[in-house]
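Me: Please take a close look at one end of this chain, then work outward from there. Is the residue you start from buried or exposed, and how does the rest of the model compare?

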Amino acid sequence: MTQPAAAPTVERVDTKHRYEILVDGKSAGLTAYRDHDDQRVFYHTEIDDAFAGQGLASILVQQALTDVRALGKRIVPVCPYVAKFLKKHAEFADIADCVTPEVLRWLETELAH
């Protein structure tokens with residue numbers, strides 16, 4: 001008998017500016033962010049090919065956004081996946097801000113460091 005896979009867990013890794021999703025203790029993907037005042041700007045989400053098709057990106061982003069709410073921050077969805085997720089999950093609309101040219105310029109500068 002094989003053991004059932006453990007439920008995936010999501011961890012915030014502040015030193016790397018990202019949330020990681022772990023399956024059986026192995027990193028299966030991440031969503032990356034930078035903080036801009038009270039906004040958490042999400043700019044990239046990826047799931048390792050070995051874990052594709054398991055709905056992990058949705059679990060990862062949902063838990064990350066729930067954490068942002070708990071921290072009292074707002075969400076800026078530069079990442080296309082996060083933007084798509086927000087369209088389907090209206091429960092986060094109250095803490096979502098539009099992507100603006102100013103935020104994009106700031107993010108570009110931030111990521112260049």
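Reply: Ala112 is exposed, because its relative accessible area is 65% and the cut-off for exposed is over 50%. This is a predicted model, so that value is computed from predicted coordinates. Ala112 sits in helix H3, which covers residues 101–112. Its C-alpha lies 27 Å from that of Gln63. Along the sequence, Ala112 and Gln63 are 49 residues apart.

Now set that helix in the whole chain. The protein has 3 helices and 5 strands. From the N terminus, the order is β-β-β-β-α-β-α-α. Of the 113 residues, 37% are buried.

For a buried counterpart, go to strand S3. Ala28 is found there. Ala28 counts as buried because its relative accessibility is 1%, and the cut-off for buried is under 20%. Beyond its neighbours within four places in sequence, Ala28 touches Ile21, Leu22 and Val23. Its other contacts of this kind are with Ile47, Asp48, Phe51 and Leu56. The C-alpha atoms of Ala28 and Leu111 are 23 Å apart, with their positions 83 residues apart along the chain.

Strand S3 also holds Tyr33. Tyr33 is buried too, at 2% relative accessibility. Leaving out neighbours within four places, one set of its contacts is Arg12, Val13, Asp14, His17, Arg18 and Tyr19. The other set is Arg40, Val41, Phe42 and Tyr43. Tyr33 and Val103 are 70 residues apart in sequence, and their C-alpha atoms are separated by 12 Å.

Val103 comes up again at strand S4, residues 39–47. Gln39 belongs to that strand. Gln39 is buried, with 13% relative accessibility. Its contacts, neighbours within four places aside, are Arg34, Arg74, Val76, Asp97 and Val103. A further link in space is to Ile75: the two C-alpha atoms are 5.7 Å apart. In sequence, Gln39 and Ile75 are 36 residues apart. Across the protein, 44% of contacts between residues at least 6 apart join residues at least 24 apart.

The loops are next. His17, a contact of Tyr33, lies in the loop between strand S1 (9–13) and strand S2 (18–23). His17 has a positive phi of about 55° and is not a glycine. His17 is partly exposed, at 30% relative accessibility. Asp24 sits in the loop between S2 and strand S3 (26–36). Asp24 also has a positive phi, about 50°, and is not a glycine. With 47% relative accessibility, Asp24 counts as partly exposed.

Then the cysteines. There are 0 disulfides in the structure. Why is Cys79 not paired with Cys98? The closest cysteine sulfur to that of Cys79 is in Cys98, 16 Å away, so the gap is too far for a bond. A disulfide needs the two sulfur atoms within 2.5 Å. Their surroundings contrast as well. Cys79 is buried, with a relative accessible area of 3%. Cys98 is exposed, with 63% relative accessibility.

Last, the overall form and surface. The radius of gyration is 14 Å. For 113 residues, a compact globule would be near 13 Å, so the protein agrees with that rule. Along the principal axes, the C-alpha atoms fill a box of roughly 55 × 35 × 25 Å. The protein exposes about 6700 Å², and carbon and sulfur atoms supply 53% of that area. Its side chains include 13 positive and 17 negative ones. The centres of these two sets lie 2 Å apart.

Back to the starting point. Ala112 in helix H3 is exposed at 65%. Ala28 in strand S3 is buried at 1%.

Notes: Residues numbered from 1 in each chain as written. Predicted model: local features only at pLDDT ≥ 70, side-chain atom pairs only at ≥ 80, totals over all residues. Heavy atoms only, no water. Helix = DSSP H or I, 4+ residues; strand = E, 2+ residues; numbered from the N terminus. Rg over C-alpha atoms; globule rule 2.2 N^0.38 Å. Buried < 20%, exposed > 50% of the residue type's maximum accessible area, 1.4 Å probe, protein only. Contact = heavy atoms within 4.5 Å. Areas by Shrake-Rupley, 256 points an atom, 1.4 Å probe, with all protein chains shown as cover. Lys, Arg positive; Asp, Glu negative; His and termini not counted. Charge placed at Lys NZ, Arg CZ, Asp CG, Glu CD.
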